[in-house]
Amino acid sequence: MTDPPPIHHRVTVRRTRHHRISFRVRRIYFDAIVTGEKSTEVRRASPYWLAAVTRVAEWKEHPTGTVGDDYPSYPVIFTGRTPVAVFLCGYKVHRREILGVDWKPSAEAALGRPPSEQGREDLGDGPVLVFKLGKEVER
């Protein structure tokens, strides 16, 4: 298993033909994303999700090069084509712009509350990626 990039890195988009990231979500979350009630998607900072972000972005060291004990979050700065989150739930598909990706030390830090039992199972105890969602994207 590969170690995730240091948390003092920033993500900037590079122009590639890969500008979509697919998310499989449960119905309750899918409906909340479609209505705009849910504006972020949180995923475990696993090698899979880091690779997904890396397909549409490039990790850049933060200008200060410092890391605090509180795991500071540095937002993504997109400079090219805006990546698109493709949400899948059964046969339903919904697309939204990805405005940014934040690195958080835990699911609790990302959510602002302790995660549910299912959330703990899905997100684990380590760092997570928080995808900030923008407007709906037409096909």
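This section describes the fold, the nonpolar cores and the aromatic ring pairs of the protein.

The structure is a predicted model. Its secondary structure consists of four helices and seven strands, which follow one another along the sequence in the pattern β-β-α-β-α-β-β-β-α-α-β. Of the 139 residues in the protein, 40% are buried. Among contacts with a separation of 6 or more, 79% are made by residues 24 or more positions apart. The exposed surface of the protein comes to about 8,400 Å², of which carbon and sulfur atoms supply 49%.

In soluble globular proteins, nonpolar side chains tend to be buried together. In the present model, the largest nonpolar core holds 21 residues, and those touching the most other members are Ile 21, Phe 23, Trp 49, Phe 87, Leu 129 and Phe 131. At least two residues of this core come from each of S2, helix H1 (27-35), H2, strand S5 (84-89), strand S6 (92-104) and S7. The greatest contribution is that of H2, with five residues. A second core of five residues, separate from this one, includes Ala 107, Leu 123, Val 128 and Val 130.

The contribution of helix H2 can be examined residue by residue. Trp 49, Leu 50, Ala 52, Val 53 and Val 56 are the buried residues of H2. Because these buried residues fall within an arc of 155° when seen down the axis of H2, they line one face of the helix. Three of the H2 residues, Trp 49, Leu 50 and Val 53, recur among the contacts of Leu 129. Leaving aside neighbours within four places in sequence, Leu 129 is also in contact with Glu 41, Val 42, Arg 43 and Ala 45, as well as with Val 101, Asp 102 and Trp 103.

In a regular strand the side chains alternate between the two faces of the sheet. Strand S2 shows such an alternation: Ile 21 and Phe 23 are buried and point to one face, whereas Arg 20, Ser 22 and Arg 24 point to the other and are not buried. S2 runs parallel to S5, to which it is joined by five bridges. Within this pairing, Arg 24 of S2 has Leu 88 of S5 as its bridge partner.

The aromatic side chains were then considered. A pair of aromatic rings is described by the distance of the centres and the angle of the planes. The model contains five aromatic pairs. In one of them, Phe 23 and Trp 49 are stacked, with 5.0 Å from centre to centre and 15° between the planes. This pair links distant parts of the chain, given that Phe 23 lies in strand S2 (residues 20-24) and Trp 49 in helix H2 (residues 47-56), 26 residues apart. Phe 23 is buried, with a relative accessible area of 0%, and Trp 49 is buried at 10%. Phe 23 also forms an edge-to-face pair with Phe 131, for which the centres are 5.0 Å apart and the planes make an angle of 80°. Since Phe 23 belongs to strand S2 and Phe 131 to strand S7 (residues 128-136), this second contact ties together parts that are 108 residues apart in sequence. Phe 131 is likewise buried, with a relative accessible area of 0%.

Through ring pairs, Phe 23, Trp 49 and Phe 131 are linked with Tyr 48 and Phe 87 into a cluster. Phe 23, Trp 49, Phe 87 and Phe 131 also appear among the residues that touch the most other members of the largest nonpolar core.

Definitions and conventions: Residues are numbered from 1 along each chain as its sequence is written. This is a predicted model: local features need pLDDT of at least 70, side-chain atom pairs count only at pLDDT 80 or more; totals for chains, interfaces and linings use all residues. Side-chain values use heavy atoms; hydrogens and water are left out. Rings of Phe, Tyr and Trp (its six-membered ring) pair if their centres lie within 6.5 Å; planes under 30 degrees apart count as stacked, over 60 as edge-to-face and the rest as tilted. Buried means under 20% relative accessible area, exposed over 50%, partly exposed in between (1.4 Å probe, protein chains only). Contact means heavy atoms within 4.5 Å. Accessible areas come from the Shrake-Rupley method with a 1.4 Å probe; for residues, only the protein chains shown count as cover. A nonpolar core is a set of buried Ala, Val, Leu, Ile, Met, Phe, Trp, Tyr and Cys residues joined through side-chain atoms within 4.5 Å. Two strands pair if DSSP finds at least two bridges between them. The arc is that of the directions from the helix axis to the C-beta atoms.
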